[in-house]
Amino acid sequence: MATTTSRETSDIKMMRRDTLGTLGLGTVLDVFRNGRLPADPAELVSSVFGPAGDRGALVISGASGIVGAGKMMQLGARLEPFGVPIVGLDMPGAPDGISRQYPGLVRAFGKDGADRILGNMVRLTYDGKSLPDQLKPLRPKFLLEAIPEILEIKRAHYEMFRASYPDIQIRSVTSGFPASQLGVGIAHPAFPHEINKVFEVVEDEPSDVTKLFWALGLVPVPVSDDWSFVLDVLFCGITLAAVRYHRMTNTPVWKIDKYVRKHIGPNPVRAHDAIGAKGATFLTWSCLHHLAGEYGPLFEPTPEFVQHKDSGQDWYPPNHFRPVVDFPFDDDDEAEFLDWILGPLVQMTSLMLKEERAHLGLMNAMGELCAQFRRGILAMIRDLGTTRAIATVERYHKHHPEAAKGDSWYPAALERISDPEWQQLYVNAEHDGKVGVVTISRESYNGDVDAELNRAIDWLKAEKIDRVILTSDFHLSTQMVGADTNEFFPALDSEEEGARIAGDWSRTARRLDAEFAVSVGFVPGKRCLGGYLELMTHCHYLVTLDDTSLGFPEVTLPVVPGMEGCHWPFRKTNADGWMKLLQLLLTGRPVSGANATGWLVDFAGPMEEALEVAWSIASGSDHRIAKRELVREIVPCVTDAMPELPPAGSPATQGARAAIVATVRDACSVNLADSLDVQTRHAAGFLRSDLCRKGRVGDERSRTLI
Amino acid sequence: MKEIAMFPQARIPYGTWGSSFFPAWQQSALAEVNIGQFAGEAMGRILGQRRVPKSELDYLVIGSTIPWHWKFWNAPLVASCLGERVPGYHLEQACATGLQAVVAAGAEVESGGHETVGVLTFDRTSDSPVGVFPERRSYQRTVPIADVWDNFGFDPATGNAMIQTAGIAARKYKIDRREVDELTLHRTEQYFGAIESGFLDRVLFPLDVLNVQGKPLGRVDSDLGVRPLTLDGLRAMRELDTCVTGGTQTHASDGMACLLVTTEARAKELSPRPEIDIRFLAKTEIRTDPSLMPEAPAIAVQKLLQKTGLGMSDVAVVKNHNPFAVNDAVFAKVLNYDWRDMNRTGCSLVWGHPQGPTLTRILIEAFEEAVDLGGGRVLVFGCAAGDVGIAALFEVSEGGKR
């Protein structure tokens with residue numbers, strides 16, 4: 001095994017089981033204690049593909065399809081620097097899905113980079129029965145199979161490879177078949193395949209392939225070996241619920257999509273057309289068909305699925321037949337609709353819980369990361385509570401009695417809501433008796449994260465831990481993009497609501513300053529923006545990587561930062577720093593960790609150095625980082641001098657700049673105790689303004705909430 | 001009395017029907033849409049409101065009279081707009097379309113060809129298309145025509161306009177203008193009474209029309225163009241032909257109406273009130289002398305009664321399509337029937353005439369009225385282009401007493 005060994009972890013106490021451990025990569029606290037990441041990509045590449053200078057190839061079969069071509073790009077870009085040849089294998093005459101990726105590659109890596117990545121790819125065709133001789137010199141080491149979802153064809157495909165390359169590691173991208181059916185491991189990726197980093201993986205123990213995926217910046221998610229795993233139970237399930245509602249009420253799918261989007265997040269039916277109706281409908285039908293065979297009528301695809309699967313027809317009407325009759329819902333309609341949609345989702349989730357298909361934090365995240373759920377299914381159920389969740393399913397069964405038949409409803413599984421695993425879906429805490437680490441696995445901050453962060457802090461306090469590192473989970477969250485603007489929708493109509501959000505979140509952030517002797521914000525990813533940066537700046541120290549991108553993009557939405565970004569960082573720097581902070585706030589342009597050191601960041605460096613510094617600070621070792629003290633009194637004249645700014649470009653930006661400057665001025669002109677109210681009032685007031693309501697948040701709301 | 005049953009196997013399931021409002025020509029969002037598409041989607045909406053999944057349909061008979069874009073694709077296209085890919089065909093018989101389509105659906109069920117047949121009639125008189133038809137023998141190489149206005153203005157078989165047939169009939173039957181004005185006022189009062197009582201809420205569905213961006217274009221929630229009349233106002237109106245004024249004739253409008261025809265067993269499953277049984281009894285058509293269209297329905301009813309051995313006293317609900325008030329006055333004379341006793345919930349004289357769906361809405365209103373009465377026979381009739389009269393009898397079981 002090429003994984004870097006972790007130190008003994010038995011001394012670590014966790015609020016709940018962490019997710020990094022599900023990959024066999026230890027704990028986040030270990031990452032800091034060891035001062036390095038738990039897996040090294042170069043070592044793992046050598047383990048999977050052979051040593052440098054003698055690498056075997058990655059073969060992706062079905063390479064011209066949507067999944068195959070996407071993975072050719074994603075894995076090809078990551079493995080090219082290690083000299084791993086990438087072989088794309090497909091049938092002659094398969095539509096060329098690979099060349100279509102070139103513009104995207106150029107956008108991501110520049111022309112030279114794109115040419116280099118594609119130059120490392122070998123495209124071969126085969127007849128489906130025998131492998132081409134040209135494959136031999138490339139010595140395939142790892143096959144990612146992305147051929148059609150037909151069991152017999154897949155099995156024969158593996159046999160063909162094993163006959164020629166007995167030691168080859170094989171993973172199927174299947175969205176539905178368990179490994180026990182296929183006889184190979186699973187690496188089921190999520191759409192859009194070029195950029196979505198998530199793979200559901202099925203294997204007895206975390207393999208070097210899975211660890212390599214993690215080390216390459218991808219997000220492997222271990223799931224149990226059950227039909228359709230987690231993602232496609234959710235995605236196919238919500239699509240089925242939508243189409244079943246369509247079948248029973250005649251409400252057109254476009255309208256149902258709007259209401260699903262309003263209440264859950266995705267447009268599940270439209271997604272099929274966007275992906276490509278023919279292939280996507282077949283996959284959904286296939287998952288549902290097999291799930292129905294295993295678990296009963298809850299999953300039975302409706303005749304519409306059969307019709308669309310057979311014909312490949314789009315679900316939405318063509319452009320020249322854009323709908324002319326609306327299907328408005330009244331309150332009763334909407335309540336019944338929710339039973340039809342949430343009922344089956346809750347029931348399907350009860351099945352996944354009963355089967356323990358995944359760590360709850362991972363199960364919850366799948367909907368958000370891969371199926372456009374605004375909140376994970378478990379977070380939604382947690383909000384409903386056990387009684388209401390069960391009642392929702394029971395009402396659904398009245399509408400659709402067939403769903404109650406079969407082996408698919410486990411209400412008892414919903415009674416675990418109070419378990420720590422369910423209570424801490426997004427935030428975990430662990431400690432070694434001296435230092436605590438709080439990890440956040442959600443890339444945007446919302447009410448769930450806020451509540452869980454408070455519980456995590458409470459837990460650490462109860463454990464008598466007063467030194468803490470706040471960071472990401474090193475697994476699901478690869479960046480911290482700021483506040484989830486969906487949370488602002490109610491605040492567009494209610495200043496009170498805006499003040500509640502800004503006030504609550506700011507009070508949570510202040511706990512990092514007030515309730516710990518030492519708190520360290522550590523940003524391990526690509527970026528930390530907006531609300532997350534405001535949160536992190538409340539820590540006594542902020543440590544990032546050299547190239548971490550830090551910024552306040554609020555002005556571009558526009559909104560006024562609501563978690564004290566308009567005064568808290570000003571209280572920790574001098575007049576030079578004020579100018580830079582104003583630049584950040586008023587342009588929305590980010591700054592790198594290296595360039596922000598001294599006035600926003602306390603240390604920035606390469607990963608291992610940054611980890612070591614963060615741990616040194618948190619553990620009280622010698623760290624040589626001077627603490628930037630927080631001025632708790634009035635900070636006068638902060639806005640007397642203004643940086644040179646590029647033209648605002650729009651009245652919205654102009655207005656937002658003025659509002660931010662006013663907020664900085666007013667919040668810095670009072671002491672720390674009073675500043676929270678001042679900041680909150682400004683932020684909430686701006687959320688109610690026309691500029692904000694007509695901006696991106698308002699736009700998003702009108703597109704989301706109908 | 002002999003057993004009367006035109007289609008013994010066919011039933012119209014109570015309460016699975018509905019109609020749009022019929023806004024007058026150019027007054028609503030309906031003037032802006034493809035009426036075939038609108039009708040299909042509206043039927044899906046109405047059936048949804050009635051809790052009938054569209055998947056129950058296995059056939060669709062559509063009826064319309066005015067060309068619409070893509071009408072070549074016929075009932076299958078409209079069915080696609082409804083959201084259910086079933087076969088079907090288009091039927092057209094001018095103003096008799098709305099009744100003829102229901103009878104045709106009954107025949108489909110009776111023949112065993114299909115179990116549940118949707119009837120969907122619609123028309124958009126607004127912006128009726130202007131067609132250019134090459135005519136080899138015409139003195140003009142091409143003749144542009146406005147479908148609605150040109151046809152109403154000229155019967156190629158007789159050379160007369162529709163309105164002239166009303167004048168000719170009024171003169172033949174010596175109809176008094178004063179009676180026609182009173183009759184018209186009464187019809188208007190019947191209509192507004194039906195609105196006030198909430199009766200029409202069981203028939204008509206408000207429908208929200210969207211523009212091409214998916215934004216609201218308008219809500220069709222009234223028979224726009226209908227206004228209360230006074231006797232003085234009616235009497236003051238200029239006579240356009242004998243007994244015909246702007247007030248005593250209908251107006252062009254847009255709309256759709258739909259219902260289902262199915263077997264007895266399926267009707268019980270589909271209807272919210274399975275105890276109500278609606279059967280087809282008889283139907284007939286006649287063609288009267290040239291340019292006497294308004295007397296044609298009366299003669300058709302005479303023939304129907306003769307054929308069935310029934311009298312007007314055997315009928316509980318009498319309702320007709322009356323583009324001219326003269327129609328009702330003639331009917332009263334020919335059948336010796338008090339015109340006050342018919343069209344008790346309104347009629348096309350008042351709420352307008354979109355052609356295809358007119359008699360379908362009339363039929364739906366008649367069934368609802370019969371249910372209010374606790375059942376009985378329903379007589380529905382009307383005139384159609386070419387001096388044609390159509391009449392049909394249905395029976396509503398007495399189980400439906402409200």
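Which residue of β15(B) does R279(B) stand opposite? R279(B) faces E395(B) there, and that pair is a handy way into this predicted model. Below is a short tour, beginning with chain A, moving on to its contact with chain B, and ending inside chain B.

**Chain A: overall build**

- Chain A contains 27 helices and 20 strands.
- Its radius of gyration is 26 Å, close to the 27 Å that the globule rule gives for 706 residues, so chain A is as compact as a globular protein of that length.
- The C-alpha trace of chain A spans about 75 × 65 × 50 Å along its principal axes.
- Of the 706 residues in chain A, 54% count as buried.
- Among the contacts in chain A with a separation of 6 or more, 74% come from residues 24 or more positions apart.

**Chain A: domains**

- The domain assignment splits chain A into domain 1 (39-222), domain 2 (231-421) and domain 3 (426-704).
- Between domain 1 and domain 2 of chain A, the C-alpha centres are 30 Å apart.
- Where these two domains of chain A meet, twelve residues of domain 1 are in contact with 15 residues of domain 2.
- On the domain 1 side of that contact in chain A, β8 (198-202) and β9 (219-222) each supply at least two residues.
- The residues on this domain 1 side of chain A divide into six nonpolar, four polar and two charged.

**Chain A: the open sheet and helix α18**

- If you follow the sheet strand by strand, the order is β1-β10-β11-β13-β15-β17-β20 in chain A; these seven strands form an open sheet with mixed pairing.
- At the edges of the sheet are β1 (13-14) and β20 (603-605) of chain A, each of which pairs on one side only.
- Within the sheet, strand β13 (residues 467-472) and strand β15 (residues 518-523) of chain A run parallel and are joined by four bridges.
- One position to look for here is V468(A), which stands opposite S519(A) in β15(A).
- Helix α18 (residues 447-462) of chain A lies across β10 (427-431), β11 (436-440) and β13 of chain A, and runs at about 15° to β10(A).

**Chain A: helix α10**

- Helix α10 of chain A covers residues 268-275, and its buried residues are P268(A), V269(A), R270(A) and H272(A).
- These buried residues of α10(A) pack against three helices of chain A: α8 (231-249), α9 (253-263) and α11 (277-295).
- Following α10(A) comes G276(A), which has a positive phi, near 130°.

**Where chain A meets chain B**

- The contact draws 14 residues from chain A and 20 residues from chain B.
- By class, the chain A side that touches chain B has eight nonpolar, three polar and three charged residues.

**Chain B: domains**

- Chain B is divided into domain 1 (10-127 + 200-270) and domain 2 (158-183 + 280-394).
- The C-alpha centres of these two domains of chain B lie 20 Å apart.
- Their contact takes 52 residues from domain 1 of chain B and 46 residues from domain 2 of chain B.
- On the domain 1 side in chain B, α3 (97-110), β5 (116-124), α7 (231-236) and β11 (254-263) each supply at least two residues.
- Of the elements on this side of chain B, α3(B) gives the most, with eight residues.
- Sorted by class, the domain 1 side in chain B has 26 nonpolar, 19 polar and seven charged residues.

**Chain B: strand β12 and its partner**

- Seven of the ten residues of strand β12 (residues 278-287) of chain B are buried, so this strand is largely enclosed by the rest of the structure.
- β12(B) pairs with strand β15 (residues 388-396) of chain B in the antiparallel sense, over nine bridges.
- The opening pair, R279(B) and E395(B), belongs here, with E395(B) in β15(B).

**Chain B: a look at I299(B)**

- I299(B) sits in helix α9 (residues 296-308) of chain B.
- I299(B) has 22 other C-beta atoms within 10 Å, and 20 or more is the cut-off for a buried residue, so I299(B) is buried.
- Apart from neighbours within four places in sequence, I299(B) is in contact with I286(B), T288(B) and G389(B).
- I299(B) and I390(B) are 91 residues apart in sequence, yet their C-alpha atoms are 9.0 Å apart in space.

Notes. Residues numbered from 1 in each chain as written. Chains lettered and ligands numbered in written order. Predicted model: local features only at pLDDT ≥ 70, side-chain atom pairs only at ≥ 80, totals over all residues. Contact = placed C-beta atoms within 7 Å. Nonpolar A, V, L, I, M, F, W, Y, C, P; charged D, E, K, R; others polar. Buried ≥ 20, exposed ≤ 12 C-beta atoms within 10 Å, placed from the backbone. Pairing = 2+ DSSP bridges. Axes fitted to C-alpha atoms, helices over the stretch in contact; angles between N-to-C directions. Rg over C-alpha atoms; globule rule 2.2 N^0.38 Å. Domains from an automatic or database assignment.
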